[in-house]
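Welcome, and please take a moment to turn the model around before reading on. The report below is meant to be read with the structure in view.

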Amino acid sequence: MRKTQRLWQALERVPGLTAVSAEWREHLGDEWDVAQSLLRPRQDLATSVPCPSVPKCECAHTVVTHAPNDIVAVCRCQPERCDRRQLERADIVVWEVDRRKLGAGVAAALGSGPEWQLADGLPMTWRIGTYVPSAGFRFPIYLTIQSEDHDFQRTVEGLVTRNDGPFILAAPTHDLLNSVGGAVLERGGVSFVALSELLALGKDGSPVAAESAAPLLDRLRAALVGEPATPEGAELPHCRVVTLKGTHTMDSDEYKELVARASEYDLFIDGISRNALRRYDGEAMAPEMLTPGEFAMIAEYIESRKIMRPTGTKVGTGKTADTARKLFDRGRRKVDISLQRYVWLYFRTHKATEPDATAFEFSPPEGTSWCLILPAQT
Ligand SMILES: [Zn+2]
Ligand SMILES: [Zn+2]
């Protein structure tokens, strides 16, 4: 693994991240060899090359191709100050930074898979990954490569406007960071990462997390999830979803998608809106709204799948048998379908000799599609 320094500075100094080898060498020095793995040749050839004289003349030398093996660089200064110089084809090959490879390396160093999306309206800025420091926390990772203070500043402000929560912003060096006020970074929840600190180049030249980046990664994690308060906009699990297949958590987007498909279920009980939807013989029945108590009662039967008296549930504990039973009955009326006296489709009645001892069980017929959504904190 090799730590590079000039490479990262070069990214902020070479316009368009595109130059002939002579210009890259000027910026990279002895890092040229190792940095080359991040560069790739373009189809088009250069029409000018940097002046090789020391000190330089005032122009970029124009490439004149007389024949494929007769290429010269001509000084355009008036009068001409440098000699014409013969060039090889390799001298006019244009090398550009493989941005996706760089982006994927940054994402991987932050534990993310590669993503690649131009940030809308922001030049040289890409969404390259998602930082997931622990389950339920997701932060976008952006990479921006700018040369000028005001461009960098505009990019940060643009990203803050586009994100309603914290995000990670990676840039080659810290050099442009001072152009942005600390207040903007704080208000926007921007965690800044310099590639010069984060990355090293592996044996094959691919960018990888530097060994020395461990403290940076710790700081990042602490800044984004370590504080006791939930960072604004961080995506905590929104709900737990219980179906025949088991229980899993969903974030708010997944929850919205699920609710949009509610009509696909025979029984759909949403503990966030406390709406209950039923379908019988293919017909949707009028939606019902459960009270918090009714929902708690019904949800416990569904989730536990136990045979319980209403007084045996959490919400029924401490209530008289009659009160608990009435709460259960009201909830059941809203979610179940009455087939005949004492016989309901989803909740089986286990009669006892004493009426107060009557127990119930959520026991939908085979083939019933049902879904219960519980708010995440329950
Ligand atoms: Zn010159
Ligand atoms: Zn010149």
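What follows goes from the whole chain to one sheet and then to one helix.

**The whole chain**

Please keep in mind that this is a predicted model. The chain contains eleven helices and 25 strands. Its radius of gyration comes to 32 Å, well over the 21 Å that the globule rule gives for 378 residues, so the chain is more spread out than a compact globule. Along the principal axes, the C-alpha atoms occupy a box of roughly 110 × 45 × 35 Å.

The domain assignment divides the chain into domain 1 (6-96), domain 2 (99-226) and domain 3 (239-375). Between the centres of domain 2 and domain 3, taken over C-alpha atoms, the distance is 46 Å.

As for burial, 31% of the 378 residues count as buried. Among contacts with a separation of 6 or more, 53% join residues that are 24 or more positions apart.

**A three-stranded sheet**

A good place to zoom in is the open sheet built from three strands in the order 1-7-2, with antiparallel pairing. Strand 1 and strand 2 are its edge strands, each pairing on one side only. On average, neighbouring strands here are turned by 40° against each other, direction ignored.

Strand 1 covers residues 18-20 and strand 7 covers residues 93-97; three antiparallel bridges link them. Strand 2, residues 39-45, is joined to strand 7 by four bridges, also in the antiparallel sense. If you would like to find individual partners in the model, these pairs are a handy start:

| Residue | Partner in strand 7 |
|---|---|
| Ala19 | Trp95 |
| Val20 | Val94 |
| Leu45 | Val93 |

In general, strands of a sheet pair through backbone hydrogen bonds, either parallel or antiparallel.

Which helix lies across this group of strands? Helix 2, made of residues 21-28, lies across strand 1, strand 2 and strand 7. Helix 2 runs at about 105° to strand 1.

**Helix 4**

Further along the chain, helix 4 spans residues 99-109. Its buried residues are Leu102, Gly103, Ala104, Gly105, Val106, Ala107 and Ala109. Domain 2 has the bounds 99-226, so to speak of helix 4 is to speak of residues 99-109 at its start.

After helix 4 comes Gly111, which has a positive phi, near 80°.

Terms used: Residues numbered from 1 in each chain as written. Chains lettered and ligands numbered in written order. Predicted model: local features only at pLDDT ≥ 70, side-chain atom pairs only at ≥ 80, totals over all residues. Domains from an automatic or database assignment. Helix = DSSP H or I, 4+ residues; strand = E, 2+ residues; numbered from the N terminus. Rg over C-alpha atoms; globule rule 2.2 N^0.38 Å. Buried ≥ 20, exposed ≤ 12 C-beta atoms within 10 Å, placed from the backbone. Contact = placed C-beta atoms within 7 Å. Pairing = 2+ DSSP bridges. Axes fitted to C-alpha atoms, helices over the stretch in contact; angles between N-to-C directions.
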